[in-house]
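Here are some exercises to work through with the sequence and the 3D view open. Try each task yourself before you read its solution.

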Amino acid sequence: MKKFTTLSGPAAPLPMINVDTDQIIPKQYLSAITRAGLGKGLFHDFRYDMEDKEKPDFVLNREPYRNAKILIAGDNFACGSSREHAPWSLDDFGIRCVIAPGFADIFFNNCTKNGLLLIVLEEAKVNELMALADNPQACEMAVDLEAQTITLADGATVTFEIEASRKHRLLNGLDDIEITLQKGAEIGAFEAKQKAALPWLYR
Amino acid sequence: MSTRKTLFDKIWESHVVAENDDGTSLLYIDMHLTHEVTSWPGFESMRNNDRPVRRPDAVLAVPDHVIPTTNRGERIEDDQARVQFETLVKNCADFNVPLIPLMDERQGIVHIIGPEQGATQPGITLVCGDSHTATHGAFGCLAFGIGSSEVEHVLSTQTLVQKRPKNMRVSVDGDLPLGVTGKDMILAIIGAIGTAGGTGHVIEYVGSAIRALSMEGRMTVCNMTIEGGARAGLIAADETTFAYVKGRPMAPKDGDWDAALDYWRSLPSDPGAAYDKEVSLDAEAIAPQVTWGTSPEDVAPIDGRVPDPAAAADDKQKNAIQQALDYMDLKANQPIADIKIDRAFIGSCTNGRIEDMRAAAEVAKGRTLAAGVSAMVVPGSGLVKAQAEAEGLDKILVAAGFEWRDPGCSMCIAMNGDMLQPGERCASTSNRNFRGRQGRDGRTHLVSPAMAVAAAIEGHFVDVRELAS
């Protein structure tokens, strides 16, 4: 898994609540068997008109947000489906950090598995960052996971909280499967005990 | 710490393989359902890393999302969809994973076939790379949706690394009025708690109105738990549950059945067990529900009105309502019953079971679709379809002007070619009214099967209870 240490670049504002995963990456991108090119589909219906031409008003179609590295979003971001295409498409576009008052649970786990950092801040603080992001002259931000800080264009810093486990996984790019496979003996012992008690679960 | 435990506590604690230093748990997974859309990355990675599936006997695969609902048996025309479907078949063969083939009568939506085959049982942990895995909690098991990385983790290790969620209890007491269903109940619950109301929690549904529901109704309620933000919903298993499970192909048999019953009866929440969050609803106050916006929390009773953004509590809500009304092409304060529809869709993992087919046929019987309305009924599985046909429900629906299709996810997610055209408005029994979900610029109103059929007959939303009289 990709590590997450520091990230800097333009932060794009998306001042909407309950942005669902269908908005992040719609269904027509889910039937492929590759992750390649999903960045083109990110926020598809907001970004393109019916003729597949860019909508000039949408934030990611404007400078400097075409190169956005960070997204500032409204509450309950990425609610809905379990599609891991949502973090994949953000990552493929170049956005590896999202800041919001809250995130949906499945998306939250999917991001950690893909080395994307989600930062939860109080709504008032998110609103402040949203206003800065909305100004092309002030939208540059730098995230430092080790220090748990967001440095703003004027040099001020905002600190954030993160669970120790998630921070450790992201900083080191840890692969959960590798780690769990080393616990094969414990899993085997669990299975032996369960099989004795509930044999019908083993077919 | 209290020794009185919730149903969730008991299932969680009996599945912890190891507690990690960082506060997460390694949780054992008893059953893993899978389908074509979210499983290929896991199989691909396992092939590259030369890792086997740890317990093929604890996996059940079925194609459902991209499958056409007409001309079953012919080559799937869409190239991407066909390749994704064929990849699932090949992966299951290569990794020795049981697969229900497309042309098998048991094929259907993964959340319909799990219960039908008896793979879904009380007390187990069950996952699937699909958010509507919450459905299975209707059997008193801990069932939740996962992403593709977690699918691979389960295939490789039969476990997941999880942070323990909190307990939430939603109580619904009293009798649901005649003509009001589990779908109306869950829409009313989501309207009350909001689409993030259950985030970080597992919801246990309790109360006399929940107990009175059939398994089909309970599955509808648990299915949409994710629309209230909680990954899992639970209803304690009881005699209704046991009667449904008994005799199914993967259910415990003979001596195992009695041992299983003893175990299952030990699982319901202890009296006085503590919950982190509690919500109560009065079943008798619930009317048939219709969503008006682009989030499942945007819901109103059939005798209600579209909200007025000007009356919103704050600017954030005001903007959200205005954006929804613009997308849905509705006016503030418009009566719900005045909204005209173009299409109706009856099906999905929310409402594609036999009880839903019966409810649809009951309303359609002797009536015909309104001029200009087209409608399709998509049974949730081949077994549901066969049962409905044995009861003659298909003939009633076809006579009323409905299309009778082959099973699959169909227009709930619109990946298989069944979709709305831009601007079309649909009464849908599915679970999400998100923008573009059923087709770009399509407008979705979530309702029960009876309400969808009633709207298709009248051409606009109508209280099905008035139609019946």
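Domain bounds, as used here, come from an automatic or database domain assignment. Keep in mind that this is a predicted model.

**Exercise 1: Domains**

Task: Find the domains of chain B and say how far apart their centres lie.

Solution.
- Step 1: Chain B is split into domain 1 (7-265) and domain 2 (289-468).
- Step 2: Taken over C-alpha atoms, the centres of domain 1 of chain B and domain 2 of chain B are separated by 24 Å.
- Step 3: Now look at the contact, which means heavy atoms within 4.5 Å. From domain 1 of chain B, 45 residues are in contact with 42 residues of domain 2 of chain B.
- Step 4: Try the other chain in the same manner. Chain A is assigned domain 1 (6-172) and domain 2 (175-203), and the C-alpha centres of domain 1 of chain A and domain 2 of chain A lie 37 Å apart.

**Exercise 2: A helix that is mostly covered**

Task: Which residues of helix 3 of chain A are buried?

Solution.
- Step 1: Locate helix 3 of chain A at residues 85-93.
- Step 2: Apply the cut-off: a residue is buried if its relative accessible area is under 20%.
- Step 3: Eight of the nine residues of helix 3 of chain A pass this test, so the helix is mostly covered. They are His85(A), Ala86(A), Pro87(A), Trp88(A), Ser89(A), Leu90(A), Asp91(A) and Phe93(A).
- Step 4: Look just beyond the end of helix 3 of chain A, where Gly94(A) has a positive phi of about 120°.

**Exercise 3: Two helix pairs**

Task: How do helix 3 and helix 4 of chain A cross, and which residues make the contact?

Solution.
- Step 1: The axes of helix 3 of chain A and helix 4 of chain A come within 9 Å and cross at roughly 50°.
- Step 2: This angle makes helix 3 of chain A oblique to helix 4 of chain A.
- Step 3: The crossing of helix 3 of chain A with helix 4 of chain A is right-handed.
- Step 4: Helix 3 of chain A brings Ala86(A), Pro87(A) and Leu90(A) to the contact, while helix 4 of chain A brings Phe107(A), Asn110(A) and Cys111(A).
- Step 5: Sorted by class, the residues of this contact are five nonpolar, one polar and no charged.

Task: Do the same for helix 2 (residues 36-49) and helix 5 (residues 148-157) of chain B.

Solution.
- Step 1: Helix 2 of chain B and helix 5 of chain B pack at about 50°, and their axes are 8 Å apart.
- Step 2: Helix 2 of chain B is therefore oblique to helix 5 of chain B.
- Step 3: Helix 2 of chain B passes helix 5 of chain B in a right-handed crossing.
- Step 4: Among the residues in contact are Pro41(B), Phe43(B) and Met46(B) of helix 2 of chain B, and Val151(B), Glu152(B) and Leu155(B) of helix 5 of chain B.
- Step 5: The classes in this contact are five nonpolar, six polar and one charged.

**Exercise 4: Around a buried strand residue**

Task: Is Ile150(A) buried or exposed, and which residues does Ile150(A) touch?

Solution.
- Step 1: Find Ile150(A) in strand 6 (residues 149-151) of chain A.
- Step 2: Its relative accessible area is 0%, so Ile150(A) is buried.
- Step 3: Leaving out residues up to four places away in sequence, Ile150(A) touches a set of residues including Ile99(A), Ile119(A), Leu121(A), Met141(A) and Phe160(A).
- Step 4: Leu129(A) is another of the residues touched by Ile150(A). Ile150(A) and Leu129(A) are 21 residues apart in sequence and 10.0 Å apart in space, C-alpha to C-alpha.

**Exercise 5: Backbone angles**

Task: What is phi of Asp254(B), and what is phi of Asp329(B)?

Solution.
- Step 1: Asp254(B) sits in helix 10 (residues 254-265) of chain B and has a positive phi near 50°.
- Step 2: Asp254(B) is exposed, with a relative accessible area of 68%.
- Step 3: Asp329(B) belongs to the loop between helix 11 (315-328) and strand 14 (343-346) of chain B, and its phi is positive, near 55°.
- Step 4: With a relative accessible area of 49%, Asp329(B) is partly exposed.

Note on methods. Residues are numbered from 1 along each chain as its sequence is written. Chains are lettered from A and ligands numbered from 1 in the order in which they are written. This is a predicted model: local features need pLDDT of at least 70, side-chain atom pairs count only at pLDDT 80 or more; totals for chains, interfaces and linings use all residues. Side-chain values use heavy atoms; hydrogens and water are left out. Axes are lines fitted to C-alpha atoms, for helices over the stretch in contact, and angles run from 0 to 180 degrees between N-to-C directions. Helices (H or I, at least four residues) and strands (E, at least two) are DSSP runs, numbered from the N terminus. Angles under 35 degrees count as roughly parallel, over 145 as roughly antiparallel, 65 to 115 as roughly perpendicular and the rest as oblique. A crossing is left-handed if the near helix is turned anticlockwise from the far one by less than a right angle, and right-handed if clockwise. Ala, Val, Leu, Ile, Met, Phe, Trp, Tyr, Cys and Pro count as nonpolar, Asp, Glu, Lys and Arg as charged, and the others, Gly among them, as polar. Buried means under 20% relative accessible area, exposed over 50%, partly exposed in between (1.4 Å probe, protein chains only).
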